[in-house]
Structures are given as structure tokens and as C-alpha cells.
Amino acid sequence: MAGSGERSRDELLEEYLKAAVQVTLEAGQIIREALTSEKRVQTKSSAADLVTETDQLVENLIISTLSNKFPSHRTPVVAVSIGLSVKKELELGVIYSCVEEKLYTGRKGHGAFCNGQKLQASTQTDLSKALILTELGSIRDPVAVKMLFNNMERLLKVPAHGIRIVGSAALDLCHVAAGDVDAFYQFGLHCWDMAAAAVIVGEAGGIMIDTAGGPLDLMSRRVVAAGTLEMAYQIVKELQPVAYERDDSTEDTSHSLCK
């Protein structure tokens, strides 16, 4: 009986994965088309945090499609990426790089892939040889900005081999999973930036932990990801904390699906 139940659950998760892949590709097509046309832009929380008609169209597409397909289940975490948790355990993640047309997928216990090719995170343990990614985020509070740059300076004085800013935390984490870079850290991102990536990075052999060195907390808005635990801890040692309000303490319910 137990084996039969496990197969049924396995089939259900496979259905979730296929649905997430399909709607992600549809969203990617919308974004690619929008990149060649004029866009109206609004602001979110600050002038550095922008939202376009395309953002809203893609989010509505993903939410409505998955809600209609799985009316008895809560819609997975939604942003540029999609993740699914079952009883608070992350089970699968799908992230699509629209411009590059790279589809990253991960399912717990089944590995992580990019366009069907298996991913393997870096095995680098020496911070002086590490290429690290980070993002500045949208907050422009002077104290937070100063701390963000202080952390970059501290790592460069180690010295780390290099630090780069790509522009998307979700894709940064995919680069960690693919072994393109050795690590990533950030303060100020959100649960929807990390949920899908946590599955993909973990299934690629990498790890994601809290910036204080403890287990990853999706609501904390901070993370260190690396191919090895040794690398992650070396980065943790150099970081000074930057305080952000937790995702589960805000009154904003627009992203309550993460809670």
C-alpha cells in the first residue's frame, strides 16, 4: 500500500512539474515579445524597483493558469520563477531565462537540469579562487546601501577572485547550480526569488544557507548559496548583516502565496 501511495504522489508531482514548465515557457514568450516593443513603466516601492505591463501580464498568466489547472491546491510561489512546496517542503522549481531561452528545472530527488542537461554545482572550496555573484536590490536606504558595498569590499579584500552583478537573483542562483560561478549572496531579496532556486541548487549538489550560517529561511530575505559548504561558510564569515523586514511580517498580501 505504501508503494502505491508513493507512486500516486510521484505522478501528481510530475503533473505539477509539466504544468509549471508549460506556463513558464508561455510567460517567457510574452517577455521576449515585450522586449522589442515600447513599455509603460510604473514604480513599485522605489524608483529603482520598477513594474511594467509585462510584469503584471506574466504574473496574471501564471497565477490564473495554475489556479485553473489545480483549483484545489495553492498556487506555487510566483515571480520570474515558479516553485512548489508540499507541507512546507520544497519539491520542485522551474526558472526560465527568457532572453537566453534556458529552462532550469529541479525536482527533489530527481536532479536539476538546464534544457535537459544535468547540472552540477562547483566544487571550489577556496574563496581566493571564487567567482561570486550578488545583487544590490531595489532598496536605496543610505545605511543599507553602505552595508551592501561594505560587504563587497570585505570579500574583495580576502581577496575573492571576483564579484559580479548580473541583474536577477533567480538566475544568479541558477548559475550557482550550473557551476558557472562558485557562490552567490544577497540581502533584501524575497521568498519568490529563492523558492524555485533552492530546489535547483540543492539538486545540483549545491547548498543554500542563511547569511548567519544557519539553515535557509525563505522568509528572511537573505541567503548565501555555493557549490560547497566550505565556500558558503567562508562567505558568511565576511558578511555584515543588512536588516530587512521579513516576508512573513509584511501587511502586503500581494505575494501571500509564499507564506
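Start by colouring the whole chain by confidence: this is a predicted model with an average pLDDT of 86, and 85% of the residues score at least 70. Now select residues 252-257, where pLDDT stays under 50. For that stretch the model has 9 contacts beyond four places in sequence. Where pLDDT is low, the predicted coordinates should not be read in detail. So take a quick look and move on.

**Stop one: the open sheet**

Switch to a cartoon view and pick out strands β9 to β13. These 5 strands make an open sheet, and if you walk across it you meet them in the order β10-β9-β11-β13-β12. The pairing is mixed. At the edges you'll find β10 (162-164) and β12 (207-209), each of them paired on one side only. Tilt the view and follow the twist, which averages 20 degrees from one strand to the next.

Next, zoom in on residues 183-187 and 222-226. These are β11 and β13, an antiparallel pair held over 5 bridges. Which residue of β13 stands opposite Q186? Click across from Q186 and you land on V223.

**Stop two: the helices across that sheet**

Keep the sheet on screen and add residues 142-156. This is helix α3, which lies across β10 and β11 and runs at about 155 degrees to β11. Carry on along the chain from α3 to the loop before β10, and select P159 there. Show the backbone as sticks: the peptide bond joining V158 and P159 is cis, with omega at about 5 degrees.

Now add residues 229-238, helix α6. Helix α6 lies across β9 (131-134), β11, β12 and β13. Against β12, helix α6 runs at about 25 degrees.

Just ahead of that helix, in the loop between β13 and α6, select T228. Is T228 buried or exposed? Its relative accessibility is 10%, so T228 counts as buried. Show its side chain and look for the backbone nitrogen of M231, which lies 3.1 Å from a polar atom of that side chain. Then bring up the residues around it: setting aside neighbours within four places in sequence, T228 is in contact with S122, T123, Q124, T125 and I207.

**Stop three: β4, β5 and β6**

Leave that sheet and select residues 81-107. The strand to centre on is β5, residues 89-97. Why is β5 described as largely enclosed by the rest of the structure? Because 7 of its 9 residues are buried.

On one side, β5 runs antiparallel to β4 (residues 81-86), and 6 bridges join the two. β5 also pairs with β6 (residues 102-107) in the antiparallel sense, again over 6 bridges. A handy residue to click is V94 in β5: I82 stands opposite it, and in β6 its bridge partner is T105.

**Stop four: the two turns**

Go to the hairpin formed by β4 and β5, which has 2 residues between the strands. Select K87 and K88.

- K87 is in the loop between β4 and β5. Its phi is positive, about 50 degrees, although K87 is not a glycine. With 81% relative accessibility, K87 counts as exposed.
- K88 lies in the loop between β4 and β5. Its phi is near 70 degrees, a positive value in a residue other than glycine. K88 counts as exposed at 81% relative accessibility.

Now slide along β5 to the other hairpin, the one β5 forms with β6. Here there are 4 residues between the strands, and E101 in the turn has a positive phi of about 55 degrees.

Also select E100, which sits in the loop between β5 and β6. How exposed is E100? E100 is partly exposed, with a relative accessible area of 44%. Its side chain makes a polar contact with the side chain of S97, at 2.8 Å. Then add R32: the C-alpha atoms of E100 and R32 are separated by 9.8 Å, while the residues are 68 apart along the chain.

**Last stop: R107**

Finish in strand β6 by selecting R107. At 6% relative accessibility, R107 counts as buried. Which residues is R107 in contact with, leaving aside neighbours within four places in sequence? Show D10, L13, E14, L17, E91, L92, V199 and E203, and you have the list.

Methods. Residues numbered from 1 in each chain as written. Predicted model: local features only at pLDDT ≥ 70, side-chain atom pairs only at ≥ 80, totals over all residues. Heavy atoms only, no water. Pairing = 2+ DSSP bridges. Axes fitted to C-alpha atoms, helices over the stretch in contact; angles between N-to-C directions. Contact = heavy atoms within 4.5 Å. Buried < 20%, exposed > 50% of the residue type's maximum accessible area, 1.4 Å probe, protein only. Polar contact = N/O pair within 3.5 Å; in protein donor to acceptor, adjacent residues only side chain to side chain. pLDDT = per-residue confidence, 0-100.
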